[in-house]
Amino acid sequence: MDDDRSVLVLTNPCDVTADVVLRLLAERRIPVVRLDPGADLHAGASLTATYRTGEQWGTLRTASRELDTTRVRSVWVRRPSPYGGPPALAGQDRMFAADQALWGAEGILASLPGARYLNHPWNNRAAEFKPSQLSTAQRCGFLVPNTVITNDPEEAREFVTSHRGGVVYKPLWNTRYRVDGQPHSVWVREVYGSEITDAVSVCPHMFQAKVDKAFDVRVTAVGDRLFGVRIDSPDLDWRRRQDLMTCTAVEVPESVASTVTAYLAELRLVYGAFDFAVTASGDWYFLECNPNGQWAWQPAETVAAIARAIADLLEKGPDT
């Protein structure tokens with residue numbers, strides 16, 4: 001791997017998690033280009049790709065760098081802004097520009113020859129679907145709570161009332177939602193049969209048997225390196241009041257580790273943030289895997305180790 005080949009980081013300017021890794025790459029003198037394509041391409045940056053029989057080349061120009069896109073060693077797809085179109089445009093014109101940017105710029109950035117992706121954006125997108133996560137988890141051998149995804153109120157009501165240990169509701173996607181103009185999160189919560197109404201028919205809903213858990217675990221996977229953190233929280237959904245939770249490093253059992261590896265391989269992921277509910281008897285129940293989950297909230301030593309693992313992969317570039 002040539003030392004002058006750059007790492008391309010696709011993320012928004014407020015991404016402090018990315019900054020942790022970028023500082024490590026700077027210490028290692030690895031050239032880095034940071035780009036938020038959904039915004040920067042409307043603010044002076046330019047991207048060009050040329051294709052001819054047997055040839056491909058391209059150029060990315062930002063305010064501070066010019067990058068030969070055939071000389072990118074790694075692409076870290078972190079948290080880029082959505083392709084929203086130029087702010088100066090409105091209506092159909094802005095929608096058209098946004099679509100062209102998505103299908104053009106993202107297509108170019110997802111097709112750089114000879115680059116390692118962490119993760120490839122198309123693999124990220126495919127792995128976001130919770131039905132796919134559950135199906136993959138089952139095939140790979142994880143314990144999975146009984147789950148139903150339905151827009152049939154009767155099916156939902158029957159599922160909820162048939163599980164005496166309780167059932168929780170989870171949104172299938174964290175859609176931006178506002179109440180009285182203020183951002184509002186839809187947390188995982190327990191649901192009862194009496195609450196199931198015909199409103200379920202509006203869209204698919206996800207209901208899952210409540211795991212009688214002793215604690216939660218987040219396993220952050222970076223390639224073949226796993227970092228486990230035990231989470232103790234008074235809340236069913238520990239994300240709700242993170243100031244009340246405590247996190248401590250925990251060993252990942254070999255049986256879980258091997259299944260994590262199989263899951264990543266099946267969905268073609270390099271990185272994954274796995275959430276488990278662990279029972280008092282030591283059973284690890286798979287809840288979900290966010291292919292681009294946050295990790296800088298964990299204990300400082302774990303954050304440092306994850307940052308090093310990500311920096312190592314980005315520095316290494318593609319396997320040869």
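Biologist: In which sense do strand β17 and strand β18 pair, and over how many bridges?

Modeller: Please bear in mind that this is a predicted model. Strand β17, residues 271-279, and strand β18, residues 284-290, pair in the antiparallel sense, and the pairing extends over 6 bridges. One of the partnerships can be read directly in the structure: F274 has C289 in β18 as its bridge partner.

Biologist: How should I picture the side chains along a strand?

Modeller: In a regular strand, the side chains alternate between the two faces of the sheet.

Biologist: Which residue takes a positive phi in the hairpin of β17 and β18?

Modeller: That residue is G282, with phi near 95°. The hairpin has 4 residues between its strands.

Biologist: Which residues other than glycine have a positive phi?

Modeller: Two cases deserve attention here. R29 has phi near 60°, and R29 belongs to the loop between α1 (16-27) and β2 (32-35). R268 likewise has phi near 60°, and R268 sits in the loop between α7 (254-266) and β17.

Biologist: Is R29 buried or exposed? And R268, buried or exposed?

Modeller: The cut-off for "exposed" is a relative accessible area over 50%. R29 reaches 74% and therefore counts as exposed. R268 has a value of 63%, so R268 is exposed as well.

Biologist: Where is there a cis peptide bond?

Modeller: Look at the bond that joins L118 and N119, where omega is about -20°. N119 is placed in the loop between β7 (116-118) and α4 (121-127).

Biologist: Let us turn to charged pairs. How many salt bridges are counted?

Modeller: The count comes to 17 salt bridges. To read one, find the side-chain nitrogen of Lys or Arg and ask whether it lies within 4 Å of a carboxyl oxygen of Asp or Glu. K130 and E288 satisfy this, with a distance of 3.5 Å from N to O. This pair links distant parts of the chain, since K130 is in helix α5 (residues 130-140) and E288 is in strand β18, 158 residues apart.

Biologist: How accessible are K130 and E288?

Modeller: K130 has 14% relative accessibility, so K130 counts as buried. E288, with a relative accessible area of 22%, is partly exposed.

Biologist: Which residue forms a salt bridge with E154?

Modeller: The partner is R157, and the closest N and O atoms are 2.7 Å apart. Both residues belong to helix α6 (residues 153-162); because they are 3 residues apart, about one helical turn separates E154 and R157. E154 counts as exposed at 54% relative accessibility, whereas R157 counts as partly exposed at 23%.

Biologist: What is the N to O distance in the salt bridge of D232 and R230?

Modeller: The distance is 2.9 Å. D232 is partly exposed at 26% relative accessibility, and R230 is partly exposed with a relative accessible area of 29%. Elsewhere, R28, R225, D312 and E315 are joined into one network by salt bridges that share partners.

Biologist: Which residues make a nonpolar surface patch?

Modeller: Y177, V179 and V186 make a patch of about 250 Å². To qualify for a patch, a residue needs over 30% relative accessible area. V186 has 35% and is partly exposed. V186 is located in the loop between β11 (182-183) and β12 (189-191).

Biologist: How many helices and strands does the whole chain have?

Modeller: The chain has 8 helices and 18 strands. Its radius of gyration is 22 Å, close to the 20 Å that the globule rule gives for 320 residues, so the chain is as compact as a globular protein of that length. The C-alpha atoms fill a box of roughly 60 × 50 × 40 Å along the principal axes.

Biologist: What share of the residues is buried, and what supplies the exposed area?

Modeller: Of the 320 residues, 46% count as buried. The chain exposes about 16800 Å², and carbon and sulfur atoms supply 50% of that area.

Biologist: What part of the contacts with a separation of 6 or more comes from residues 24 or more positions apart?

Modeller: Such residues account for 67% of those contacts in the chain.

Definitions and conventions
Residues are numbered from 1 along each chain as its sequence is written. This is a predicted model: local features need pLDDT of at least 70, side-chain atom pairs count only at pLDDT 80 or more; totals for chains, interfaces and linings use all residues. Side-chain values use heavy atoms; hydrogens and water are left out. Patches are made of residues with over 30% relative accessible area and no salt bridge: like charges are joined within 9 Å, nonpolar side chains (Val, Leu, Ile, Met, Phe, Trp, Tyr) within 5 Å. Accessible areas come from the Shrake-Rupley method with a 1.4 Å probe; for residues, only the protein chains shown count as cover. Helices (H or I, at least four residues) and strands (E, at least two) are DSSP runs, numbered from the N terminus. Buried means under 20% relative accessible area, exposed over 50%, partly exposed in between (1.4 Å probe, protein chains only). The radius of gyration is taken over C-alpha atoms; the globule rule is 2.2 Å times the number of residues to the power 0.38. Contact means heavy atoms within 4.5 Å. Two strands pair if DSSP finds at least two bridges between them.
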